Every structure is written in structure tokens, then in C-alpha cells.
Amino acid sequence: MKKGNAWALTPIIVFLVLFIGYGIWNDNDFYKMPAIAGFVTALVVAFLLNRKVTFHEKLEAAAKGMADENVMIMCLVFVMAGAFSGAVNAAGGADSTVNFGLSILPSNVAVVGVFLIGCFISTSMGTSVGTITVLSPIAIGIAEKTGFPVALCLGAAVCGAMFGDNLSMISDTTIAATRTQGCDMKDKFRENIKLVLPAAIITIVILFVKTMGSEYQITENLHYDIVRILPYLVVLIGALIGANVIMLLAGGTVLSLGVGLYYGDFGLKDIFTVMGNGITSMYDITVISIIVAGVVALIRMNGGIDWILYVIRKLVRGKKGAEVGIAALSAAVDCATANNTIAIVIAGPVAKEIAEEYGIEPKRTASLLDIFTSVCQGLIPYGAQILTAVSFTVGTALEISPVDLIAYCYYPMLMAVSALAFIIIGKKKA
């Protein structure tokens, strides 16, 4: 059993120190420092380690890591997802999806409705922050009209947003988790929904009991068009039945462009612009994925991965222990980076090694990565999701702190409990 070399992990430690330190220095704003700058610094540090290996050998190892098939496919999917997102948004798909969801909001179970609509919107759009941005004003309005704590109403919005962030076929976390583990999206979805569905059901029950007897009717004009929502449905259903995700996103993009042209949302000369805007929004995570792959390759060459596996083997007993280890690794990296996609990109290669060592299926590992990074992302007070929701109350009589909101984020808490329960009580396959 190789003991490895703990010093090989220095690049990751340097990144975390820079990222966390810079965030604290800037009044706890952990999004002040561009993550790509931190990872490039980590890459430089990785090249400086191990003088026994020539610079050319290090460069060759990093390049091979960056050019890994799964990394390149993941980046291609990111780009295609960006093109689809840009096209469907420009064609009014996002607005119609939001309005459709809100238009069926039950008036007598308003807070439960916010959670359910959040689940629908985030699963369709693949963005938790975008869902929170849309639903937060509605949640605050419900709090004002019903007298319920604003933290409770905003908590329902955050819970719904994290449901789709974890399950959506076009979420960057799903893309990263499936590609780093080499499994199909449909298989990961089926494994994932099994682990988190109990948490969603219990969340509904808790919100219903806490808000029984309330009534809130949305008075705004909620115009929607099912045709504009169609591209989302095509991609979601296609992914579930096992269609190739790249071909599916390409088809969804063409369909969205057709819808936009039909309704006059943009002209023929604008189609490349709307696709380009969406692709540009994915540049950061695409480049970060490539750089991180290079860093991980150098860490592996210098014995860092072997050291992690050596420690885990000493601490872990059996398959269940390995699954708990993957869960803990995912959660810890997310708490350090405050970004669940980046956390999956970092933890993914190590999780894959652990999974192969203990015979854990790729779909299971992908689910654990996505679940436990989402758990922390929905609970850390300095994460984009919590900060975005709280920002809508700043300067108002209903102003709350991130800590106030976290107490009502039932779904991420229950998601952790549900997933751990499945790990602990799950039957061992023959």
C-alpha cells in the first residue's frame, strides 16, 4: 500500500488559503477573488514541487490530465449547455417557465407552493441562484401578507432552488458529477432522486404544518406560453430516457432558436449572439475545469492522491465507510470553496479513486458528490444562494441575516440525513 506524499497537496492548500483569506480580507466576500486566478496560482505551485522531475515531464503530465477524455467531454457539455441556456432564455423560455410555475401556486398553501414551484423552476432551468432571484420577491410578499417569518418564506425558496440544482439535467453540478465519475445522467438522476425524495417530502410536510391556514394570491399578470417551455421539457425528458446529452443540448438549442425566431424575440442575424452570450457565461467553469485537471494530474504524479487514499484506507472500514468518506470529502471542499461545481471538479478525481478501490458504482459516487456539495452550499452563510436570498431584505423592515435564514433551510439538512440513512441502512449487494 503506497503511503504517498502529503506535500504534494500543497497546491490545493495554497488555493484554499488564498481563496478563504482573500474572502475574509474583503469583508467575508468569498466571491471577490476570481477562482480562476487562485487555481492558476495553484498550478504554478504544483510545477515548482518535486525537483526530481523535469519541467518538461511536469508539463507533459499536466497536459495529459487536462486532455483527459472525461475532462474534455465535460467542457464540451458545459459549452453546449451554455448555448442552450442562452438560446432558451432569449426565446422567453425562462420567463414562461417561471410564470407557468407561479400561476399554479396554490393560494391556501402559499409557502409550500413556493417550495414546489422552486423545485420545478430550478429543475427546468438548472440554476439555483436564478431560481432564488425570481422567487425571493414573491416569498417576501407572502411574509408581508401572512405575517409568517420572512426567513421561513425565503427558506422555502432556497430549499426549492437546491432541489433542482442537485437534480437538473442542465445544472453544471450534474454535468461535473457525471463526467468526473464517467456515468450517464439518467442513471445519476435515478440514483439521486431515490436518495433525496424523502427529504423533499418531509420538507413539504414541515412547511405545510408551519403555515396551515395561510392564504396569499398573486395578483401580477403571469403570462406564459407552453411552446416557449417546450425546449426545457424536451431536454429533461430526453436526458431521462438516455439520449446523448451533447446531441440533446444541440437539438434543444436549435428548437429554442426556432421558437425565438417564430415569436420574433430576435432576428436571424442575432442567433449567434444569443448562443454566444450563453456560452460566455460558462467560460469560467470550463477553464477552471481544465486548470484543475492539470493541478490534479501533478498532485497525482507527486503522490498526493496516493496519500489521501492511504489515509482513507486507514480510517475507512468497508464500502459504507468509503461512501461516508466521499460525502465528507465533498462537503469539506464545498465549505472551503463556497461553490458546489468547483468543489465537485476538485473532489471528483479523488472520489473516483476511492469508488474504484471499494467497488462503489459511478452513479452512486456522482450522486454523493452532488448531494453533499449541495447540502453545504444550501447551508453555508457565505454561499451565493443564501447571500442572494438575504440581499432582497437589506434596507427593509424585514431585513434578516444569513444565519437567520439557515435555520429554515430544511431541505438541505434533510437531504444530508436522508442520504446518510441510505448509506448506513442500505443493503450490501451480492
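## Loop residue L49

Between which two helices does the loop holding L49 lie? In this predicted model, the loop runs between α2 (35-48) and α3 (55-66). L49 has a relative accessible area of 22%, so it is classed as partly exposed; the buried class ends at under 20%.

When residues up to four places away in sequence are not counted, L49 touches W7, A8, T10, P11, K58 and N302. One of these partners, N302, is 253 residues from L49 along the chain, yet the two C-alpha atoms are separated by 8.1 Å.

## Nonpolar cores

The largest nonpolar core has 125 residues. Within this core, the residues that touch the most other members are F39, L249, L405 and Y411. Helix α8, spanning residues 150-167, contributes the most, with 13 residues. A second core of 9 residues is separate, and its members include A91, I271, V274 and M275.

Y411 can be described through its contacts. Leaving aside neighbours within four places in sequence, Y411 is in contact with F115, C159, M162, F163, V196, A199, A200 and T203. Among these, C159, M162 and F163 carry numbers that fall in the range of helix α8 (residues 150-167).

## Annotated domain and T253

The UniProt record, an unreviewed entry, carries the annotation "domain: Na+/H+ antiporter NhaC-like C-terminal" for residues 7-208 and 243-425. For the span 243-425, the end C-alpha atoms lie 33 Å apart. Helix makes up 79% of that span and strand 0%.

Helix α12 (residues 245-263) contains T253. Is T253 buried or exposed? Its relative accessibility is 4%, so T253 counts as buried. Apart from neighbours within four places in sequence, T253 is in contact with M80, A83, F84, A87 and M275. Of these partners, M275 is also listed in the second nonpolar core.

## Salt bridges around helix α10

How many salt bridges does a search of the whole structure find? The search returns 9. Several of them involve residues described below.

D187 takes part in two of the pairs. With K186, the side chains meet at 3.4 Å, N to O. With R190, the corresponding N to O distance is 4.0 Å. R190 and D187 are 3 residues apart in helix α10 (residues 185-210), so about one helical turn separates them. The accessibility of these residues varies: K186 is buried, with a relative accessible area of 18%, D187 is partly exposed at 23%, and R190 is partly exposed at 48%.

K188 pairs with D370, the N to O distance being 2.6 Å. Because K188 lies in helix α10 and D370 in helix α18 (residues 362-377), this salt bridge ties together parts that are 182 residues apart in sequence. K188 and D370 are both buried.

Which residues are linked in a network of salt bridges? The network is made of E191, K194, E323 and R364.

Key
Residues numbered from 1 in each chain as written. Predicted model: local features only at pLDDT ≥ 70, side-chain atom pairs only at ≥ 80, totals over all residues. Heavy atoms only, no water. Core = buried A, V, L, I, M, F, W, Y, C linked by side-chain atoms within 4.5 Å. Buried < 20%, exposed > 50% of the residue type's maximum accessible area, 1.4 Å probe, protein only. Helix = DSSP H or I, 4+ residues; strand = E, 2+ residues; numbered from the N terminus. Contact = heavy atoms within 4.5 Å. UniProt positions renumbered as here; feature names shortened; annotations may be inferred.
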